[in-house]
Structure formats: structure tokens, C-alpha cells
Amino acid sequence: IAGCAAVAVAPWAVMNWSVYGTPLGPSSVQASAGLWSAGDVRAWLGVLASPTHGLAVYQPWLLLSLLTLLPAFRRRLPAPRVSLPPGWQAWALAVIGMHLTLVSSWRCWWGGWCWGSRLASEVIPLAALFALAPLGVLLKSSRGRALVASLAIASALLHLPSVYLRQGRWYGAEGRNREPAQWLWSAPPFLFPLRR
């Protein structure tokens, strides 16, 4: 796997070296300019829960995985029918944690002129694995199916305005390409078309 990755990265590393003087690209050159800062709790919270980029805001169905933390719910989980690789949960959590740390360490953790959870999109498939067992339990009851359906509809409704209502103007119209704007619960981008 490492060899395949090296072959895939090699042309980009050569291009970065010829243009920027480093195989890691322009962001590594800019690191000395203070664009990276690990350990910023506000940025971590922003990546997880801000109204403009929060993973839990734009992918609310991922919160189903938190049900496994409740002892009463855990007792209802059936035994797995297939043998899963030992340690898969620790590995998945480590990958998710490292990715979210990387995103939140970037000075512009909100991703510039965008909104939604796109900067955390790489970890969504891994995080979804944790929601599978709760889904299996919830889909057995009418209340559970209603909860799952409402979370799926909420996820879709949060994204539809960007596709059909040109809500990318949320940033441009009011110059909101700065960190404080990412916390405006009074004017979140998914409600921008309704506020005109």
C-alpha cells in the first residue's frame, strides 16, 4: 500500500518541489507564517459543531453512533454475525482523530469560501461504520425508523439550499470569510435563502 501511495504521490511531489522548493507543497512553505496551530479548542469545536462547518450539524445521522455509549442501548445490540478484525474501532477512531486534528490545526479551518462539512468528508465513511449497529436496532421499531428517517431528511434539507438556491452567496454577500463569522447561529448559511 505504501508503495502504491508513493507512486501516486511522486508526480505531485516533483511538481511541488519544482514550484515551491519542497515536495510537501505550498501549505508547508506557509507553515512558518503561522498558518498552522495545533491544539486550538475553538477550531476543534468549529469542525465538529459550528453552524457553518460542523460535522455534527451537517451530518446529524452520525450522532446515531453515540447511542452505543448508553448502557441501556448497548444491551439491545445483537452479537455481530461476522467476525470483525480486532482493533478496527481503535484504528478508525485514530484515523478520524488525526484527520480532524489536521483540519482544525489549519488557520482557516472553515475552508475559505465554502460551508458544510466538506473538510471532514474523508472521515464520514469511517464514522458511518460506528452508526451501523445502532441503525440495525433502530430499524426494528417504528419509532426508530422515524428517527432514522428524520435524521436523513434533516441531512438532505441542510444541503439542498446550496445546490438549488445559490446560497454560496452567504459568504460573498456580507464578507464573512473570517473565523468569527463561522459561529453566527443567528444567520447560518443553510437558512440564508429564507432571510432575504
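How many nonpolar, polar and charged residues are in the lining of the largest cavity? The lining has 5 nonpolar, 3 polar and 1 charged residues. The legends below describe this cavity and other parts of a predicted model.

**Figure 1. The fold of the chain, which has 9 helices and 0 strands.** Read along the sequence, the pattern of elements is α-α-α-α-α-α-α-α-α. The chain has 196 residues, of which 35% count as buried. Among contacts between residues at least 6 apart in sequence, 69% join residues at least 24 apart.

**Figure 2. The largest cavity, which holds about 40 Å³ of space.** The count of cavities of 30 Å³ or more comes to 1. The residues that line the largest cavity are V47, H53, V103, W109, G116, S117, R118, L119 and A120. One of these lining residues, G116, is shown again in Figure 3.

**Figure 3. The surroundings of G116, a residue in the loop between α6 and α7.** G116 has a relative accessible area of 4%; because buried means under 20%, G116 is buried. Leaving out residues up to four places away in sequence, G116 touches T52, H53 and Y58. G116 and H53 are 63 residues apart in sequence, yet their C-alpha atoms are 4.5 Å apart in space.

**Figure 4. Helix α3 (residues 41-49) and its buried residues, A43, G46 and V47.** These three residues cover an arc of only 95 degrees around the axis, which puts them on the same side of α3. An α-helix has 3.6 residues a turn, so residues three or four places apart point the same way. What covers the buried residues of α3 includes α4 (55-58) and α6 (88-105). V47 also belongs to the lining of the largest cavity.

**Figure 5. The largest pocket, with a volume of about 1100 Å³.** The lining of this pocket consists of 33 residues, and those nearest its centre are W88, L129, F130, L132 and A133. The elements that give two or more residues to the lining are α3, α4, α6 and α7 (124-138). Helix α7 gives the most, with 7 residues. By class, the lining of the pocket has 25 nonpolar, 6 polar and 2 charged residues.

**Figure 6. The largest nonpolar core, which has 17 residues.** Which residues have the most contacts inside this core? They are L55, I96, L100 and V123. The elements that give two or more residues to the core are α3, α6 and α7. Leaving aside neighbours within four places in sequence, V123 is in contact with L55, V95, I96, H99 and L100. Apart from the largest core lies another core of 8 residues, among them L64, L67, F73 and L138. In soluble globular proteins, nonpolar side chains tend to be buried together.

**Figure 7. V14 in helix α1 (residues 2-20).** Is V14 buried or exposed? Its relative accessibility is 58%, so V14 counts as exposed, the cut-off for this class being over 50%. V14 and L24 are 10 residues apart along the chain, and their C-alpha atoms are separated by 9.5 Å.

Conventions. Residues are numbered from 1 along each chain as its sequence is written. This is a predicted model: local features need pLDDT of at least 70, side-chain atom pairs count only at pLDDT 80 or more; totals for chains, interfaces and linings use all residues. Side-chain values use heavy atoms; hydrogens and water are left out. Buried means under 20% relative accessible area, exposed over 50%, partly exposed in between (1.4 Å probe, protein chains only). Helices (H or I, at least four residues) and strands (E, at least two) are DSSP runs, numbered from the N terminus. The arc is that of the directions from the helix axis to the C-beta atoms. Contact means heavy atoms within 4.5 Å. On a 1 Å grid over the protein atoms alone, a cavity is a set of points where a 1.4 Å probe fits but cannot get out, and a pocket is an open set with protein on both sides within 12 Å along at least five of seven lines; lining residues have an atom within 4 Å of a point. Grid points are joined across faces, edges and corners, and a volume is the space filled by probe spheres set on the points. Ala, Val, Leu, Ile, Met, Phe, Trp, Tyr, Cys and Pro count as nonpolar, Asp, Glu, Lys and Arg as charged, and the others, Gly among them, as polar. A nonpolar core is a set of buried Ala, Val, Leu, Ile, Met, Phe, Trp, Tyr and Cys residues joined through side-chain atoms within 4.5 Å.
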